[in-house]
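Colleague: I keep bumping into labels for this model and I'd like to know where they come from. Can we go through a few together?

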Amino acid sequence: MRVLIIEDEPELARHITRALTRYGHSASAQHDGAAGLQAALDDPPDLVVLDLNLPGLHGGEVLQRLRGAQSPARIIILTARGSVEDRVRGLKSGADDYLAKPFSMEELAARVDALGRRGGPTAADGVLKVADLRMDVPQRRVSRAGVPVALSPREFEVLQVLMQEPGRVFSRTELCERVWHRDHEYDTRTVEIFITRLRRKVDLPSSPPLIHTLRSVGYTIRAADWPARLLPLPPPP
Ligand code: CA
């Protein structure tokens, strides 16, 4: 998802941006209310992480103006711990969820994922993004770091299912059902073959891998973890 963070503490904003990017989202930050509101109106994100106590324009005001402008973005507000009043007012003004500070990045990522599922997987413009991988669904085009990736229709469909829910693990059976509309055990072999083909095209040795295997569980697509980038590259198949 495309996430806009409006948070005036630079360290926290950076921390959130980095964490959400690591979880496969495309995240950017603004540090005051007025600039944040403008950014959200100019280029509507899928989700806004909105601090309430902001310079320029209070977060509550940003929230009301976004809702007043019919912004389709889902909004998570950040409140001070114990500020029940802020939370209630925020939810009443149209926030979708809230997090009390301090919170863990895992907790934030889980809330972001939950809202992503609630709002439907595909962005309004039909463009899916995971790190530098971009899929334009209506145009049937895929690129990684701006370089076009040629996929067969089936490869495209497998990648689309993964990219619609970054970070979610799909079992072979589930992918088989979603793409081939079949559930026979035999066909799960086909899924493995397609994943291998996709990896060759999408995860070039020069870029951090996005398609991950969870042994005996399934597959997921997400931005590479920082520690994983420090590991040596596996030998070519
Ligand atoms: Ca603040």
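**Labels and the values behind them**

Modeller: Sure, and keep in mind that this is a predicted model. Let's start with two helices: α6 and α8 are roughly perpendicular to each other.

Colleague: What makes α6 and α8 roughly perpendicular?

Modeller: Helix α6 (residues 153-164) and helix α8 (residues 188-202) pack at an angle of about 85°, with their axes 10 Å apart. Roughly perpendicular covers 65 to 115 degrees, so the label fits α6 and α8. On the α6 side, the contact includes Val158, Leu159 and Leu162, and on the α8 side Phe194, Ile195 and Leu198 are among the residues. By class, this contact has seven nonpolar, no polar and four charged residues.

Colleague: Next one: why is Thr17 called buried?

Modeller: Buried means under 20% relative accessible area. Thr17 has 17%, so Thr17 is buried. This residue sits in helix α1 (residues 10-22), and its side chain reaches the backbone oxygen of Ala13 at 2.6 Å. Leaving out residues up to four places away in sequence, Thr17 touches Ile5, Ala27, Ser28 and Ala29.

Colleague: And the calcium ion, which protein donors does it have?

Modeller: They are Asp8 (OD), Asp51 (OD) and Asn53 (O), lying 2.2 to 2.4 Å from the ion. Along the chain, the donors follow the spacing D-x42-D-x1-N.

Colleague: How do you know whether Asp51 is buried or exposed?

Modeller: Same cut-off, under 20%: Asp51 has 3% relative accessibility, so Asp51 counts as buried.

Colleague: What about Asn53, buried or exposed?

Modeller: Exposed means over 50%. Asn53 comes in at 61%, so Asn53 counts as exposed.

Key. Residues are numbered from 1 along each chain as its sequence is written. This is a predicted model: local features need pLDDT of at least 70, side-chain atom pairs count only at pLDDT 80 or more; totals for chains, interfaces and linings use all residues. Side-chain values use heavy atoms; hydrogens and water are left out. Helices (H or I, at least four residues) and strands (E, at least two) are DSSP runs, numbered from the N terminus. Buried means under 20% relative accessible area, exposed over 50%, partly exposed in between (1.4 Å probe, protein chains only). A polar contact is a pair of N or O atoms within 3.5 Å; within protein, one must be able to donate a hydrogen and the other to accept it, and residues adjacent in sequence count only if both atoms are side-chain atoms. Contact means heavy atoms within 4.5 Å. Axes are lines fitted to C-alpha atoms, for helices over the stretch in contact, and angles run from 0 to 180 degrees between N-to-C directions. Angles under 35 degrees count as roughly parallel, over 145 as roughly antiparallel, 65 to 115 as roughly perpendicular and the rest as oblique. Ala, Val, Leu, Ile, Met, Phe, Trp, Tyr, Cys and Pro count as nonpolar, Asp, Glu, Lys and Arg as charged, and the others, Gly among them, as polar. Donors are N, O and S atoms within 2.8 Å of the metal (3.2 Å for Na, K and Ca); water is not among the atoms, so sites may look incomplete.
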